[in-house]
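Grab a pencil: here are two short helix exercises. Have a look at the model before you start.

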Amino acid sequence: MELLELAETDVKGKLKEIFGFDNFRGTQEQIINNILSGKNTFVIMPTGAGKSLCYQLPALVQEGCAIVISPLIALMKNQVDNLNAFGINAHFLNSTLTKGEITKVKSDVTSGKTKLLYLAPESLSKEENLTFLQNSNISFVAVDEAHCISEWGHDFRPEYRKIKTIIGMMGNLPVIALTATATPKVQVDIQRNLQMEEADIFKSSFNRKNLYYEIVPKLDAKKQLITYVRKHKGQSGIVYCLSRKKVEEIAELLKVNGVKALPYHAGLDPHVRMNNQDAFLNDSAAVIVATIAFGMGIDKPDVRFVIHYDAPKSLEGYYQETGRAGRDGLEGNCVMLYSYDDIIKLEKFNKDKSVTERDNARQLLHEMAAYAESPVCRRRHLLHYFGETLDKDCGFCDNCMKPKEKFEAKDDILLVLEAVKKTDQRFGIEHIIDVVRGKENDYAESYGHMDLEVFGEGEDQSEEHWNSVLRQILVLGFIDKDVDNNNALKLTAKGTAFISKPEAVQLSKDHDYSNAETEPDDKEPTAGSKAYDEPLFNSLKALRKKLAKEKDLPPYVIFQDPSVEEMATTYPMSMEALSHINGVGMSKAIKFGKPFIELIKKHVEDNDIVTAQDVVVKSAVNKSKIKIFIIQQIDRKVPLEEIGEAKDLTADDLLSEIESICFSGTKLNLDYYIEDILDEEKQELIYDYFMKAETDSIGDAVAKLGEEFVSVEDLRLMRIKFLSEVAN
Ligand code: ADP
Ligand code: MG
């Protein structure tokens with residue numbers, strides 16, 4: 001017991017010491033302890049959640065070397081470079097290495113220096129490698145991108161199926177399998193194949209809170225694309241197209257319009273393809289235009305937007321692809337240009353498939369179209385699709401931020417629920433729509449549905465209308481789809497309760513993508529003026545780019561964007577201070593830090609910046625973390641109540657924190673919040689007061705303006721606004 005506890009504290013310490021992170025994310029710590037106690041472990045987490053750490057950290061605190069099975073040789077170097085930057089001895093073993101290099105890798109493993117060894121399944125099964133591994137001290141085996149094992153997964157690789165047999169030949173090693181594919185079918189397949197049905201499963205929420213989802217009617221697609229990419233100048237992004245030809249065409253289009261764009265698809269010469277991928281990984285401003293062949297295993301953390309130029313084939317695919325945005329937790333925008341014509345085009349591609357395959361593909365496409373056209377909160381819809389429920393709308397997607405018109409739907413809901421009930425919960429959406437619209441069909445005839453009271457009750461509304469109502473109440477949980485039973489609709493407890501006691505429910509009117517106009521995109525959530533020192537941030541990024549070039553590494557391997565933002569907020573001017581920045585750690589600070597510290601020092605001197613350096617670093621590390629958190633949340637326009645809740649702060653304490661941030665010279669833009677709670681007139685009056693007043697004392701302000709007219713909280717908020725705009 002004691003030993004285990006010791007190991008646990010050690011793990012947390014190592015997290016900070018090596019990776020520079022203060023806290024584990026989600027269930028990382030439990031997962032790590034599980035594999036450390038020798039148990040088979042199965043991890044299902046969305047892209048960007050932090051799966052790698054779940055096997056990297058246990059590899060470091062244990063004797064011996066962990067084997068990591070990873071599908072793409074092309075990306076192994078990248079992953080190993082990343083680990084080396086943290087001062088970790090990791091290697092890969094594959095066909096790109098010379099004889100001499102292989103000998104060196106093997107001797108490092110034998111002498112116990114190497115903690116992680118990356119291999120593709122093909123290399124693993126090579127006789128000479130197997131013999132070598134059998135004679136080495138292996139701690140455990142990690143199978144990354146484990147959905148490759150499953151023929152139900154989207155990247156099936158037959159070689160993956162042999163993994164278990166080969167691991168078996170190396171002895172009785174614990175296995176950790178990791179995937180971002182959420183469907184139960186794939187999960188069962190993976191566990192069966194790795195013979196780890198008994199494994200402990202860690203499945204986390206698939207909610208990616210920092211991703212903004214938006215669907216735009218596809219009208220003048222090229223113009224829409226160029227406008228968007230121009231607006232996001234200086235940012236890195238992925239544009240997904242359906243065909244190779246389209247990829248080439250769009251990459252060219254972006255290039256002639258001054259965007260650093262590169263094509264990627266399976267038809268390119270392997271050399272060109274590799275170069276384009278590397279160029280994309282190594283540049284924080286490049287755009288890659290690609291087919292869905294691109295992306296698996298790409299760990300580029302600073303992808304700021306993912307555009308679907310054409311509709312994807314399934315929601316699974318869409319979710320994986322959009323998931324590549326904002327892995328570092330900062331801004332990530334996901335935009336799809338949608339037109340129903342694309343869905344029809346995709347259906348035509350399926351005509352040569354077998355009947356079952358075609359039905360399956362059509363079903364997936366149908367779900368895709370339903371999502372694109374839905375007026376429901378995107379995040380709710382997506383998570384519902386993956387079997388998760390969100391209790392309320394997310395407030396951070398197009399449907400939440402630019403809501404569609406609503407209508408009172410009590411009677412409509414009651415009608416369809418009755419129709420589901422009266423037809424014995426045995427039919428799918430299409431038939432239920434026929435019933436309420438009074439359309440005679442074979443089922444209606446043979447089951448006597450034409451005699452039902454509900455038959456034809458909703459004939460004055462269109463098919464699309466009923467389709468939309470049914471889709472929305474599915475997401476809201478009034479009904480469920482029985483996937484094992486031809487997608488028959490079933491009443492849930494909520495639905496049954498509604499029938500006996502109907503209540504008012506607002507539903508959204510459906511999107512009409514047939515005659516939409518391009519609306520100016522004024523509501524897209526851009527961060528506005530930045531809370532950190534922008535000139536310093538830019539200089540630090542330029543320095544990072546220069547250093548990255550010299551060392552032939554991607555910039556984010558040196559420091560990730562959130563770390564650079566933090567540097568431009570807290571001005572670390574010693575190794576010690578730098579190592580405290582989230583995501584840095586001592587090893588990286590020593591390896592790369594010196595020129596950054598020098599740059600920060602010079603910037604602080606040149607601009608006469610007063611920093612709270614000593615206090616911040618020595619006595620109030622956590623405090624400064626809270627400040628940074630608050631700054632970032634305000635930047636993202638999160639309501640103050642939520643920020644307070646997240647950090648367990650009372651409204652008063654939070655305001656004090658915000659004031660202290662503001663008083664130390666950081667500009668904060670609270671307009672989004674103030675607009676919600678204060679009318680314009682009041683705002684103007686208070687603002688004017690501060691403009692003319694001799695002091696910014698709140699007491700004086702209350703005395704002057706009158707207690708019955710303004711509250712202390714209003715005044716404090718307005719004072720922050722005033723100081724930010726005028727003084728900072
Ligand atoms: P996945 O494999 O699940 O898609 P990664 O392992 O590539 O995700 O991690 C995504 C990002 O999250 C990386 O940039 C990584 O540095 C960061 N990350 C992982 N764990 C933590 C943590 N505990 N604290 C902060 N950042 C983390
Ligand atoms: Mg990964």
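Two worked exercises on helices follow. This is a predicted model, where local features need pLDDT of at least 70, side-chain atom pairs count only at pLDDT 80 or more, and totals for chains, interfaces and linings use all residues. Residues are numbered from 1 along each chain as its sequence is written, and side-chain values use heavy atoms, with hydrogens and water left out.

**Exercise 1.** Check the span of helix H11 (residues 244-256) and work out how its buried residues are arranged.

*Solution.*
- Helices are DSSP runs (H or I, at least four residues), and strands are E runs of at least two, numbered from the N terminus.
- The expected span is 1.5 Å times one less than the number of residues, so the 13 residues of H11 should cover 18 Å; the end C-alpha atoms sit 19 Å apart, which agrees.
- Val247, Ile250, Ala251, Leu253 and Leu254 are buried (under 20% relative accessible area, 1.4 Å probe, protein chains only; exposed is over 50%, partly exposed in between).
- They cover an arc of only 160 degrees around the axis (taken from the directions from the axis to the C-beta atoms), which puts them on the same side of H11.
- On the other side, Lys245 and Val256 are exposed.

**Exercise 2.** Is helix H21 (residues 463-475) largely enclosed or not, and what comes just after it?

*Solution.*
- H21 has 13 residues and reaches 19 Å from first C-alpha to last, close to the expected 18 Å.
- Eleven of the 13 are buried, so H21 is largely enclosed by the rest of the structure; among them are Trp466, Arg471 and Ile473.
- Just after H21, glycine 477 has a positive phi of about 85 degrees.

Note on methods: Chains are lettered from A and ligands numbered from 1 in the order in which they are written.
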